[in-house]
Amino acid sequence: MSSLSRELVFLILQFLDEEKFKETVHKLEQESGFFFNMKYFEDEVHNGNWDEVERYLSGFTKVDDNRYSMKIFFEIRKQKYLEALDKQDRSKAVEILVKDLKVFASFNEDLFKEITQLLTLENFRENEQLSKYGDTKSARAIMLVELKKLIEANPLFRDKLQFPNLKNSRLRTLINQSLNWQHQLCKNPRPNPDIKTLFVDHSCGQSNGVHAPSPANNPLLGAVPKPGGFSPLGAHVPFQTTPASVQTPLAGWMSNPPTGSHPSVSGGPLGLGGPSIAAGMKNPRTPSANPSVDFPLGDSDHISKRIRPMGISDEQVSLPVNVLPVSFPGHAHSQSFNVPDDLPKTVARNLIQGSSPTSMDFHPIQQSLLLVGTNMGDIGLWEVGSRERLVQKNFKVWDLSACTMPLQAALVKDPGVLVNRVIWSPDGSLFGVAYSRHLVHIYSYNGNDDVRQHLEIDAHVGGVNDLAFSHPNKQLSVVTCGDDKLIKVWDATNGAKQFTFEGHEAPVYSVCPHHKESIQFIFSTASDGKIKAWLYDNLGSRVDYDAPGRFCTTMAYSADGTRLFSCGTSKEGESHIVEWNESEGAVKRTYQGFRKRSMGVVQFDTTKNRFLAAGDDFSIKIWDMDNTQLLTSIDADGGLPASPRIRFNKDGSLLAVSANENGIKVLANADGLRLLRQFENLAFDASRSSEASRPTLIPILTSPSSGAASLVDRVASAGIPAMNGDAKILGDVKPRIAEETNDKSKIWKLTEISEPSQCRSLRLPENLRVTKISRLIYTNSGNAILALASNAIHLLWKWQRNDRNSSGKATASVSPQLWQPSSGILMTNDITDTNPEDAVSCFALSKNDSYVMSASGGKISLFNMMTFKTMTTFMPPPPAATFLAFHPQDNNIIAIGMDDSTIQIYNVRVDEVKSKLKGHSKRITGLAFSHALNVLVSSGADSQLIVWNSDGWEKQKSKYLQLPSGRSPPMSQSETRVQFHQDQMHFLVIHETQLAIYETTKLECIKQWIPRESAALISHATFSCDSQLIYASFLDSTVCIFTAAHLRLRCRINPTAYLTSSVSNSNVHPQHPLVVAAHPQEPNQFALGLSDGSVHVIEPLESEGKWGVPPPNENGSSSSVPNTPLVGVSASDQAQR
């Protein structure tokens, strides 16, 4: 077929798509073989339309064309076969095997035999290679990722994955041009000719109406796009009319791409959004500069409505494949929206910062932790749940001598500074502060109130307007922009400057780093409304476009990184939120609902990959990402400024919004309210209200909000650079220590639970003879509990989804089923000739709950959790395994603690010990990985802690446990356990004599709790899933619950609350807990494994929702002093334990 004929097919495809002839479009794609519609292919695979999938593929390739094609067809047919087996449809499976899969036998006979053998299995997941097969939906999604890679690598699909770069309605435009030309040839041209056919050439005759004075611009087949606006830019010089082939990842946005090509996964040209079927398919409309005659047809109104629906902005036109959802005339105003319940709408907290908030950010992991920056240069760190301000720091220069002279001079002249931006690093171990004067401060965060100076960077001349973290080259970096029109990239470890990007002609207002697959880039916006994009190189900007409003604009991606939005306000006060088509640098949709003249620059945020929010008109306005009409407005009970600052937490359950009078309101949905209830602190509320009753302190506590504040006032608030330390407000200093401590002791009382009616407890059903529970864990899904008994038998309880338990999660309110496969087999560990009761038991569960690795003194066994079958055994004793831990990044790597005091790093896949770590003198009793620090922490029966580098397995630090004085020496084989805090920086140490919190990098004990000398020993302890609580069990069957932040006792559960037998007066109860496990999603639920072989699940009453009330902090401070061990507890705690 000639080139022009081929191009005509593309024009027809575009026309058919615009006219919604969907089946015909895909039929023509398949029959012509010119364009492979990946979106259509994905949809058919997700829907399991296997016949259509293969029919569509047949237009482009056959099974035996090449190795890529063979693999594509094999994966599709294998999936179809497995789905038939999963449905127990054996006859269908046999049919697929014979008709579809047998063709591959000639290429790999062994593989075909193995596939055939799956028919003999009751569940094909019993095959080791298929043990991780999930449900049908997830399996199709996983397969589709592989198929897309194969298609993109297949040379037969080269140049067929990208639709040509066409203007909208190109075929209509050509017809219109032809009719204009025909009309110009008419001897007697008539006005407004009524064209009723295209079958013959046009000529103005009697049937075509009366004469016209001149041609007019009337629509023919809908409006014709004209040149201008955001023209698609490829790898070509400006003004080139024919697009050249594009070979760069930023092709859709680039005007001057680099000469060197960048790697990409697909073989076709990519935009930032990856392979886009619609790439280059639309242009914003601009008024025509070249008048022509557009002839109306009889159905022009109908066609016009189809190709230019109302409710979409002028920039939005029809796409060839992915037609966007739109609203039509008559629907936009009458449509009623149901505001989703998962939006945070309830005002749950009112916080007083002391000066007006300018920027806020929630911690990415501890999602109730809020970082705040203000207009007076202060930063605050709030635990929103407890209403406790953990940290308050005023602006100061850490090292004035290292600052540039312009900065020193500016600070001497006017020390007033405001915070332009605060932001957490992705893992929450650092946070950055961008100030209005030159500086960026990077702090390290080590949990609770432990904030330390990390880096001070004199970043820009003038203000630093924005700051963000990024990961170029897998290295954490800081990206900044400023009034000096520059963007700079800094090493987040040592502050070294890595890149400087020049090209903006006005102060740079914001930066938005992002990545697509292996391509790292940065969007930047300037105060003149220009948008630019940069790769991490020195080749200049790839983009130069105008943002809507042409003034201060910020850009942000949806949480999943697939959709790009921007929000800005023009100098005239007109605000815009738009979604961008990354492939072309064009506005995809514009959201409606802003006030006509915004009072200040509007800020926005995204959440749940579904909603957009902006602070405007004294409220928070919410849009659904897929609908341009305003969804709802939230006034947060009033008291908001005209353009409030807003910020969602990571899961969208909390929304912080700046309020009048230096306040912050935190809105919550149902999940957010549950999160906050975990941290409620009545004592803090009382002390806060008592402090608020002292108005004489306010002028000193807070900075004046008036713009006419004197220099003395501002210096008092902000602090004098290089002369003062961290200026603390009096509320943090707390001069009335003794008085407040006494008040709090009257308010707070330890919660004692002694009756079954005071909590919810459930003894799990059992029908097997087991003597004691040695190990206990919840599955990662939270719907089952796995126990290992001392006789080497595993027990698995599963909760079913039903009317009483709609979530299907573990609960004390509904009894689970002691689960066994239909075969009746048990998961039983290999044992030695010695008494199994004397052996040390250990196990570790894979992340997807599909298998468990376990040992009870004999070989290590790997069990399939669905079938209970033993998949393999390895490492016969001696030495015997005593502790197991999976590597967090690689399930094939296991750290195995041994009874000969060594730790073996074992690779399951190759059946090989990679390293043997020596340092302990007795058996290993605990192992824990930190993926953030790349370390392994080990503990042993020798009471020693060792930190190992998990890259090279070198020993970094070691320390012996601080055993309390006056205690008799612990048993020679007493266990020391370790568990990492959620922040991955601190870890919990559990020993029979104490609980302790250690900081990992220095291996320092920063908090320690020791029961009184005559009390029962600790049997086990664990963090709650959010690391805010610690559950500890004792040999007298008592369970104590501590606040993890301060290791203070908040609730005690006595054995009478969950055990039916009589209470023992000794320190060792006949039915005492040996192990405690925490639910992976419910922070207030835990389970106990007892010495009599029973397992109990315990939760607070639904009316309470939490375990007791947090105790007051020691000496009235916000937390204990870091690095100072809290040996023992307060007198009241000592008496109680």
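Of the 1137 residues of the protein, 56% count as buried in this predicted model. The chain contains 18 helices and 57 strands. Among the contacts between residues at least 6 apart in sequence, 57% join residues at least 24 apart.

## Helices 4, 5 and 6

Helix 4, residues 50-58, packs with helix 5, residues 67-86, at an angle of about 170°, and their axes lie 11 Å apart. An angle over 145 degrees counts as roughly antiparallel. The two helices are therefore roughly antiparallel to each other.

Which residues in helix 4 and helix 5 meet? From helix 4 come W50, D51, V53, E54 and L57, and from helix 5 come I72, F73, I76, R77, Q79, K80 and E83. Sorted by class, this contact has six nonpolar, one polar and five charged residues.

Helix 5 also takes part in covering helix 6. Helix 6 spans residues 90-101, and its buried residues are A93, I96, L97, D100 and L101. These buried residues cover an arc of only 115° around the axis, which puts them on the same side of helix 6. A general property of helices helps the reader to follow this pattern. An α-helix has 3.6 residues a turn, so residues three or four places apart point the same way. The buried residues of helix 6 pack against helix 5 and against helix 7, residues 109-117. On the other side of helix 6, the residues S91, V98 and K99 are exposed.

## Helix 11

Helix 11 comprises residues 405-413, and within it L407, Q408 and L411 are buried. Viewed down the axis of helix 11, these buried residues fall within an arc of 100°, so they line one face of the helix. The cover over the buried residues of helix 11 includes strand 8 (439-445) and strand 9 (451-458). The face turned away from the buried side of helix 11 carries M405 and K413, which are exposed.

## The sheet of strands 35 to 38

Strands of a sheet pair through backbone hydrogen bonds, either parallel or antiparallel. In one open sheet, four strands follow the order 35-36-37-38, and the pairing is antiparallel. Strand 35 (841-845) and strand 38 (870-874) stand at the edges with a single partner strand each, so one side of each has no neighbour in the sheet. From one strand to the next, the twist averages 20°.

Is strand 35 mostly covered or mostly uncovered? Strand 35 is mostly covered, since five of its five residues are buried. S841, F843 and L845 point one way from strand 35, whereas C842 and A844 point the other way, and all are buried.

Strand 35 forms a hairpin with strand 36, with five residues between the two strands. In the turn of this hairpin, D849 has a positive phi of about 60°. Further along the sheet, strand 36 (residues 851-856) pairs with strand 37 (residues 860-864).

## The sheet of strands 43 to 46 and a further hairpin

A second open sheet described here has four strands in the order 43-44-45-46, again with antiparallel pairing. Its edges are strand 43 (924-930) and strand 46 (955-960), each with a single partner strand, so one side of each is left without a neighbour in the sheet. The twist in this sheet averages 15° from one strand to the next.

Strand 41 (residues 903-907) and strand 42 (residues 912-917) are also paired. They form a hairpin with four residues between the strands, in which D911 takes a positive phi near 55°.

The table sets out four antiparallel strand pairs, each with its bridges and one pair of facing residues.

| Strand pair | Bridges | Facing residues |
|---|---|---|
| Strand 35 and strand 36 | five bridges | F843 and S854 |
| Strand 36 and strand 37 | four bridges | Y851 and N864 |
| Strand 41 and strand 42 | five bridges | N907 and E912 |
| Strand 45 and strand 46 | five bridges | W948 and K955 |

Terms used: Residues are numbered from 1 along each chain as its sequence is written. This is a predicted model: local features need pLDDT of at least 70, side-chain atom pairs count only at pLDDT 80 or more; totals for chains, interfaces and linings use all residues. Side-chain values use heavy atoms; hydrogens and water are left out. Axes are lines fitted to C-alpha atoms, for helices over the stretch in contact, and angles run from 0 to 180 degrees between N-to-C directions. Angles under 35 degrees count as roughly parallel, over 145 as roughly antiparallel, 65 to 115 as roughly perpendicular and the rest as oblique. Contact means heavy atoms within 4.5 Å. Ala, Val, Leu, Ile, Met, Phe, Trp, Tyr, Cys and Pro count as nonpolar, Asp, Glu, Lys and Arg as charged, and the others, Gly among them, as polar. Two strands pair if DSSP finds at least two bridges between them. Buried means under 20% relative accessible area, exposed over 50%, partly exposed in between (1.4 Å probe, protein chains only). The arc is that of the directions from the helix axis to the C-beta atoms.
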